[in-house]
Amino acid sequence: MTTPQERSEDLVDVLIHDHRGIEEMFGDVATEPGAEQRRRLANAIVAELVRHTVAEEQYLYPTVRRVLPEGDRIADHEIHDHSEAEADMKRLEGLDATDPDFEFVLTRLMTEMRQHMLEEEVDLFPRLRVAADPDELRELARKAQQVKKFAPTRPHPGAPDRPPANKLLTPALGLVDRIRDALSRRT
Ligand SMILES: [Fe+2]
């Protein structure tokens with residue numbers, strides 16, 4: 001059952017809501033001193049970023065290409081940025097929180113994502129709302145929310161590590177690929 005508030009949400013509302021959640025998680029990991037907890041928070045951040053990225057790739061960029069002048073250029077630029085961020089997410093998967101590279105890669109990932117969020121919120125989203133059909137943006141909000149529902153349960157920061165879960169976090173099929181795989185089969 002959806003509330004009237006949810007019904008009136010458009011795609012931009014949904015994606016901005018994602019951004020605020022991501023910012024909150026960045027704040028959590030920045031102030032968390034414990035290595036194990038930082039490792040779990042990093043997993044939760046990666047899971048959320050992949051889900052957000054998939055929602056944007058499926059519902060935002062095709063619309064941007066269609067309705068905005070230079071939409072192809074903008075979408076190509078954003079997808080290029082996503083691929084760079086995703087490479088960092090994969091690097092992060094294999095690192096202990098005590099490894100100096102963990103801090104380096106995590107900081108770079110957060111910087112990239114903050115730049116992405118800023119660009120979208122100050123430039124792309126306002127232009128999209130002017131150019132796109134409001135009813136379509138509301139329909140896309142509903143579809144983007146489905147991605148959230150279908151996303152595999154993200155690693156909870158408070159959950160204890162279990163060996164099978166750790167074994168899955170291998171470079172061969174890590175968190176990023178598992179989530180992408182699950183989303184592509186269900187959306
Ligand atoms: Fe975004």
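What share of the contacts in the protein chain with a separation of 6 or more comes from residues 24 or more positions apart? In this predicted model, the share is 76%. Let us walk through the helices with that figure in mind.

The secondary structure of the protein chain consists of eight helices and zero strands, so that, by the DSSP runs used here, the pattern along the sequence reads α-α-α-α-α-α-α-α. Of the 187 residues in the protein chain, 29% are buried.

A good place to start is helix H3, which covers residues 35-67. Its 33 residues should span 48 Å at 1.5 Å a residue, and because the end C-alpha atoms are 45 Å apart, expectation and model agree. If you follow H3 along, you will meet a kink of about 40° centred on Glu 57.

Next comes helix H4 (71-93). Here 23 residues at 1.5 Å each should span 33 Å, and the end C-alpha atoms are indeed 33 Å apart. The buried residues of H4 are Ile 74, Ala 75, Glu 78, His 82, Ala 85, Asp 88, Met 89 and Leu 92. As you look at that list, recall that an α-helix has 3.6 residues a turn, so residues three or four places apart point the same way.

Between H4 and helix H5 (100-131) runs a loop that contains Asp 99. Asp 99 counts as partly exposed because it has 13 C-beta neighbours inside 10 Å, where a buried residue would need 20 or more. Asp 99 is also 64 residues away from Ala 35 in sequence, yet their C-alpha atoms are 9.6 Å apart.

H5 itself has 32 residues and reaches 45 Å from first C-alpha to last, close to the 46 Å expected. H5 bends by about 45° at Glu 120, and Glu 120 is one of the buried residues of this helix, along with others including Val 105, Leu 109, Met 113 and His 116. The buried residues of H5 pack against H2, H3 and H4.

Finally, look at the largest nonpolar core, which has 38 residues; Leu 11, Val 46, Leu 109 and Ala 144 touch the most other members. Helix H2 (11-31), H3, H4, H5, helix H6 (134-150) and helix H8 (175-186) each give two or more residues to this core, and H3 gives the most, with twelve. To see some of these contacts up close, pick Ala 144: leaving aside residues up to four places away in sequence, Ala 144 touches Leu 11, Val 14, Ala 55 and Tyr 59.

Notes
Residues numbered from 1 in each chain as written. Predicted model: local features only at pLDDT ≥ 70, side-chain atom pairs only at ≥ 80, totals over all residues. Helix = DSSP H or I, 4+ residues; strand = E, 2+ residues; numbered from the N terminus. Buried ≥ 20, exposed ≤ 12 C-beta atoms within 10 Å, placed from the backbone. Expected span 1.5 Å × (residues − 1). Bend = angle between axes of the 7 residues up to and from the residue. Core = buried A, V, L, I, M, F, W, Y, C linked by C-beta atoms within 7 Å. Contact = placed C-beta atoms within 7 Å.
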